[in-house]
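Biologist: Please show me the model, and let me ask how each label is earned.

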Amino acid sequence: MRFPDDVPVLTDGVVRLRAPHTDDIRAMLEMNADPETQRWTDFPPERDPERQVLERIPAGWRDGGLWSWAIESDGRYCGAVMLSGGEGGVGAIGFTLHPAVRGRGLTTRAVRLAVAHAFDVLGWDRVTWSAFVGNWASRRIAWRTGFRHLTTAYGAGLARGVRYDEWIASIGRQDDREPEDPWWTVPVIEHGGLRLRPFRDDDVDRLVETTLDERTLHWLANIPVPFGREQAEQYVAKCREGLAAGDRVTWVIADAGSDEMLGDVSVFRMQNGSNPVGEIGYSAHPAARGRGMMTTAVGLVAKQAFLPIEQGGLGRRRLEIVAAKGNRSSIRVALANGFTQTGIKRAADRRRDGSYEDLVMFDLLSDEH
Ligand SMILES: CC(C)(COP(=O)(O)OP(=O)(O)OC[C@H]1O[C@@H](n2cnc3c(N)ncnc32)[C@H](O)[C@@H]1OP(=O)(O)O)[C@@H](O)C(=O)NCCC(=O)NCCS
């Protein structure tokens, strides 16, 4: 393999992957110095692009173990995508884009080309991707190009001496190069004086008030105590994670006039292979109880959940509500929305005091709604 002559040029008509050359160095320096690059990669600030282009990258191509391309579009240097490893048929992909050209789908295109090369030319069986937790742009690219089996490896990332939690996912040779699960969004739904909408930063205090309420803590015994802003933010982060994983959509229920948070309602447990089911869960702010607010909200959410995905819904076939036997208001919400009681799970719910209570199961099928 001669560098750069034998480096394969890969293109989809919009991006071109080619051997890096010294004319790229200025743009590489800008890209490396960008705060987002520094935040999300392990590139040391003193990384020397000239050495990369003249020594490390050519050596990688010649000796194997690192296959690094420049991403070009409209004749200009846009970033880098690289494959590394490959022992035993498994290797990793990495990428970084110049800040001036982000958000145009160029990296997604480059990743598709590199993954195809890994399978078709290098003969790999699996490509892995990893990113520091919170790098949503990178995760979105991995999701869109078909990486799956995402897991969080706590403390597995290392950059400049600091440990980070890492997301890790992979794609196999036989897998579709398309998302395996949906990445849900939270559509705004307005009806009957209510607005169902995504979380806003300033909902956190209302969320704390809702959760610290005695009745909420009694019936939802898994809620961590003490529960403050930090725990509320963790809950919001969990909801965001659930969207990306295709598992959960959580709406804030707000007053349509003031937009003040009155509670929240979720469809969750949606990751069920090809069986489109889900569970509805909810909690109301103490000041918003007793006026049918949650009954209305659950009705709206059930409608949205049964709507086909092509029409912006969640495409569910069956929804469940599970309530503790003594939680009369929660049971009312289920019955008022036409849910059928299907059974009791005896002593299935653990109370904070260590006692156990029966759970009542309800379900609703799409053709009953
Ligand atoms: C990550 C990076 C390569 C993305 O490059 P890009 O060319 O802007 O990516 P694309 O335009 O192909 O796609 C970005 C996707 O992420 C989405 N995205 C961006 N920020 C997001 C966020 N905060 N939350 C959710 N999605 C986000 C975009 O909307 C887009 O999604 P779409 O395909 O549905 O439109 C670029 O931001 C970068 O270089 N970051 C610094 C280095 C880095 O993080 N490298 C990866 C290390 S694992």
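Modeller: A residue is near a molecule or strand if one of its heavy atoms lies within 4 Å of it. The ligand has 24 residues around it, and Gly 103, Gly 105, Thr 107, Thr 108 and Arg 144 come nearest. This is a predicted model, in which local features need pLDDT of at least 70 and side-chain atom pairs count only at pLDDT 80 or more, while totals for chains, interfaces and linings use all residues. Residues are numbered from 1 along each chain as its sequence is written, and side-chain values use heavy atoms, with hydrogens and water left out.

Biologist: What makes the approach of Arg 144 to the ligand a polar contact?

Modeller: A polar contact is a pair of N or O atoms within 3.5 Å; within protein, one must be able to donate a hydrogen and the other to accept it, and residues adjacent in sequence count only if both atoms are side-chain atoms. A polar side-chain atom of Arg 144 lies 2.7 Å from an oxygen atom of the ligand, so the pair is within 3.5 Å. The side chain of Asn 135 has an N or O atom 2.8 Å from a ligand oxygen. For Arg 104 a backbone N or O atom is 3.3 Å from an oxygen atom of the ligand.

Biologist: Why are Phe 132 and Tyr 164 called a stacked pair?

Modeller: Rings of Phe, Tyr and Trp (its six-membered ring) pair if their centres lie within 6.5 Å; planes under 30 degrees apart count as stacked, over 60 as edge-to-face and the rest as tilted. Here the centres are 4.6 Å apart and the planes differ by 15 degrees, so the pair is stacked. Phe 132 is in strand E6 (residues 126-132) and Tyr 164 in strand E8 (residues 162-172), 32 residues apart. Helices (H or I, at least four residues) and strands (E, at least two) are DSSP runs, numbered from the N terminus.

Biologist: Which of the labels buried, partly exposed and exposed fit Phe 132 and Tyr 164?

Modeller: Buried means under 20% relative accessible area, exposed over 50%, partly exposed in between (1.4 Å probe, protein chains only). Phe 132 has 6%, so Phe 132 is buried; Tyr 164 has 30%, so Tyr 164 is partly exposed.

Biologist: What makes Trp 143 and Trp 183 an edge-to-face pair?

Modeller: Their ring centres are 5.3 Å apart and their planes stand at 75 degrees, so the pair is edge-to-face. Trp 143 is in helix H5 (residues 136-144), whereas Trp 183 is in the loop between E8 and strand E9 (189-191), 40 residues apart. Both residues are buried. Trp 136, Trp 143, Trp 167 and Trp 183 form one aromatic cluster.

Biologist: How do you know that His 149 is exposed and Asp 259 buried?

Modeller: His 149 has a relative accessible area of 52%, so His 149 counts as exposed. Asp 259 has 13%, so Asp 259 counts as buried. His 149 lies in strand E7 (residues 148-159), and Asp 259 in the loop between strand E11 (249-255) and strand E12 (261-268).

Biologist: What is phi in these two residues?

Modeller: Phi is near 55 degrees in His 149 and near 65 degrees in Asp 259, a positive value in each. Most residues other than glycine have a negative phi, and most peptide bonds are trans. The bond from Val 225 to Pro 226 is cis, with omega near 0 degrees.
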